[in-house]
Amino acid sequence: MEMEPERPSSQRLESLIPALKFVLPYTRQVGFALVALIVTASVSLSVPLGLRFLIDEGLSANGAELLTTGIFIFVGLGVVLAIGTFTRFYFISWVGERVSADIRVAVYDRLVRLHPGFFEENAPTEIQSRITTDTTLLQTVVGSSASVALRNILTFFGGVILLFLTNPKLSIVVLVCVPLVVFPVLMFGRRVRRLSRSSQDTLADVGSHVGESLRTIKLVQAFRREERDLEGFRERVAIALRVAISRIRQRAWLVAVVMVLVMAAIAVMVFIGGQDVLEGRTTPGELAAFLIYAFLVAGSVGAISEVWGDIQRAAGATERLMELLQAEPAIETPTDPKPMERGGAVAFESVSFSYPTRPTEQVLDDISLLVEPGEMLAIVGPSGAGKSTLLNLLLRFYDADVGVVRVGGTDVRAAALNDLRRAVAYVPQDTALAQGTIADNVAYGLQENADARVSQALEEANATGFVSELPDGIETRVSEGGHGLSGGQRQRVAIARALAVDPDVLLMDEATSALDAVSEDAIVTTLNRLRGTRTVIIVAHRLSTVLAADRILVMDRGKIIGEGTHSSLLDSSPLYREFAEIQLKSPVPAFDSAALSDAVVNAD
Ligand SMILES: Nc1ncnc2c1ncn2[C@@H]1O[C@H](COP(=O)(O)OP(=O)(O)OP(=O)(O)O)[C@@H](O)[C@H]1O
Ligand SMILES: [Mg+2]
């Protein structure tokens, strides 16, 4: 909702047509509802006829018997009306809920398969609000507004016909009066709707402020932003209040205007109709029936105009949802995928790449690289060199603009995504863990929760030690993001998560934040355990990790500018020498450098 002003939607009713596809499976229920709708509308329209009969015949000389029969018929109609209303309400709401649930699932099903780049061009928060608010809007329309509109359209036409049948002369008076009443109501109604819309938007604003400030509560408090945040919040609340009050004012006016106009219209009709009764041109019952019909007709016009705005908004909502449903994944399994060869060789053949959102910036520039099965390759380079990007291409989060990326000899674009991502596992730079236990996290990529795999992976990742010391062992819960574990522990759980799927290639994007010497040591031990078992590509920020590798690659500004072992690179690459010197000069201050040299020695 928040973002809507930037994406005006046409609100054309045709936009609703694609949503009909989602209604189609429920035609039976829609059919029940329609039958009920027609029955209730007919019954409602026949009531004034009965009333007319009762007044004119039942209240006259020999009416006692007629009166009793009439009352029975009346009650009978009431029962029919009740059953019809129940059926209509139940089935229409049922269909509304079903359809919006189906659309939600369909949209999410599309979203989770879209390439990550899509969410850089389309803000996830906006998409989130589309899934919730837009589907809710659609639900209201399918589940109630549409039925209100249909019922009132029936009532309107039925009412007009019956008006003319009852009294053509007065009908003309009514048809002149109806626009006079309805037009101002429409005007006010539109303004009220607009305000209630912007009142919703400002309320959403209030909500997002709370969300943002509570999510970063430590930042807020550490930087003493409480007062300023509160001030900002007060302003938003005040704006929401202002909008709400002006909406209420318009609404109050609306009610007053409607009252006056309706009363005036009744007065006119009663005056004209009353004279006809006095002069014997019409009966009292006819006049009563007529007045009720006039009410029904005017009411139906009002109701239609009331829900019309909803229907238009739903058209806009549908358009946006359908846009999401039609988003084409840029990264997809090809129609005829090649089987992946196992073994874990990795190759980049003259690969160049720019991110779609920044097409002018060449992030990878003609990269060629061969990694043998079982080799451990470390990539070093300054921040922004393109190291993480290299891993992104291996996982096929993006496709290379030029060149070919191969895993196990297969072009990643020719393989099935599932096969590729089974063969390549990933430890991200921001070792985010999911909410749940450590065991849940390690089993994240497994189809079934295999306890044996989990403990084996933890062992391989050198995590068994610290995990068993936690109060609940592998059943210890970690909170969202992995808080409650140290950086090094989190990283090892993330490594275990990657190893649990038994990949051919392990990609590891080392966190840039410094780990303490003990954690660092533990990671090096982990890497040494992995040596030779599978291909490992590590984006490294620490010398200790680099030293554990078989081969080192130096990257800068999207190019490979050096390659070799630690000692050969110290000679050949000034950038590498700089990196190594900084690392050696600044061991973790609180620790003696023994731990670091330990780590270095362990690496051999
Ligand atoms: N999703 C993205 N959209 C646009 N540009 C991006 C995106 N991700 C990274 N970049 C840009 O691409 C370049 C390389 O980024 P990359 O993440 O590969 O660097 P890195 O070598 O991993 O750096 P670090 O060591 O800090 O993690 C940077 O200039 C960065 O701004
Ligand atoms: Mg990176």
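**View 1. Four strands make an open sheet in this predicted model.** The strand order is β2-β1-β4-β5, and the pairing is antiparallel. At the edges stand β2 (364-371) and β5 (410-411); each has a single partner strand, so one side of each is left without a neighbour in the sheet. Look next at β1 (residues 346-353) and β4 (residues 402-407), which are joined by five bridges in the antiparallel sense. A handy landmark here is F348, which stands opposite V405 in β4. Helix α10 packs on this sheet and touches β1, β2 and β4, with its direction at about 115° to that of β1.

**View 2. Six strands form an open sheet with mixed pairing.** Reading across, the order is β6-β9-β10-β3-β11-β12. The edge positions belong to β6 (424-427) and β12 (559-564), each with a single partner strand, so one side of each is left without a neighbour in the sheet. From one strand to the next, the twist averages 20°. Strand β11 (residues 551-556) pairs with β12 in the antiparallel sense over five bridges, and V554 has G562 as its bridge partner in β12.

**View 3. Strand β10 is largely enclosed by the rest of the structure.** Are the residues of β10 (residues 535-539) buried or exposed? Five of the five are buried, so the strand is largely enclosed. In a regular strand, side chains alternate between the two faces of the sheet. Both faces of β10 are covered, with T535, I537 and V539 buried on one side and V536 and I538 buried on the other. Strand β9 (residues 505-509) runs parallel to β10 and is joined to it by five bridges; V505 stands opposite T535. Strand β3 (residues 376-380) also pairs with β10 in the parallel sense, over four bridges, and A378 has I538 as its bridge partner.

**View 4. Helices α10 and α15 lie across strands of the six-stranded sheet.** Helix α10 crosses β3, β6, β9, β10 and β11, running at about 150° to β9. Helix α15 (residues 487-500) lies across β6 and β9, and its direction makes about 170° with that of β6.

**View 5. The largest nonpolar core has 79 residues.** Which residues have the most contacts inside this core? They are I379, L394, V424, A496 and L507. Helix α15 supplies the largest share of the core, seven residues. To follow one residue outward, pick V424: leaving aside its neighbours within four places in sequence, V424 is in contact with L394, L395, V407, P503, V505 and L507. A second, separate core has 47 residues, among them V99, A149, A294 and L321.

**View 6. Ligand 1 is surrounded by 15 residues.** The closest are Y355, S383, K387, S388 and T389. Which helix gives the largest share of the shell around ligand 1? Helix α10 (residues 387-394) does, with three residues. By type, the shell divides into three nonpolar, nine polar and three charged residues.

**View 7. L20 is an exposed residue in helix α1 (residues 17-23).** Residues with 12 or fewer C-beta neighbours within 10 Å are classed as exposed; L20 has 11 inside that distance, so L20 counts as exposed. To place L20 in the wider model, compare its position with I272: the two are 252 residues apart in sequence and 47 Å apart in space, C-alpha to C-alpha.

Terms used:
Residues are numbered from 1 along each chain as its sequence is written. Chains are lettered from A and ligands numbered from 1 in the order in which they are written. This is a predicted model: local features need pLDDT of at least 70, side-chain atom pairs count only at pLDDT 80 or more; totals for chains, interfaces and linings use all residues. A residue is buried if 20 or more other C-beta atoms lie within 10 Å of its own, exposed if 12 or fewer, and partly exposed in between; C-beta atoms are placed from the backbone. Helices (H or I, at least four residues) and strands (E, at least two) are DSSP runs, numbered from the N terminus. Two strands pair if DSSP finds at least two bridges between them. A residue is near a molecule or strand if its C-beta atom, placed from the backbone, lies within 6 Å of it. Ala, Val, Leu, Ile, Met, Phe, Trp, Tyr, Cys and Pro count as nonpolar, Asp, Glu, Lys and Arg as charged, and the others, Gly among them, as polar. Axes are lines fitted to C-alpha atoms, for helices over the stretch in contact, and angles run from 0 to 180 degrees between N-to-C directions. Two residues are in contact if their C-beta atoms, placed from the backbone, lie within 7 Å. A nonpolar core is a set of buried Ala, Val, Leu, Ile, Met, Phe, Trp, Tyr and Cys residues joined through C-beta atoms within 7 Å.
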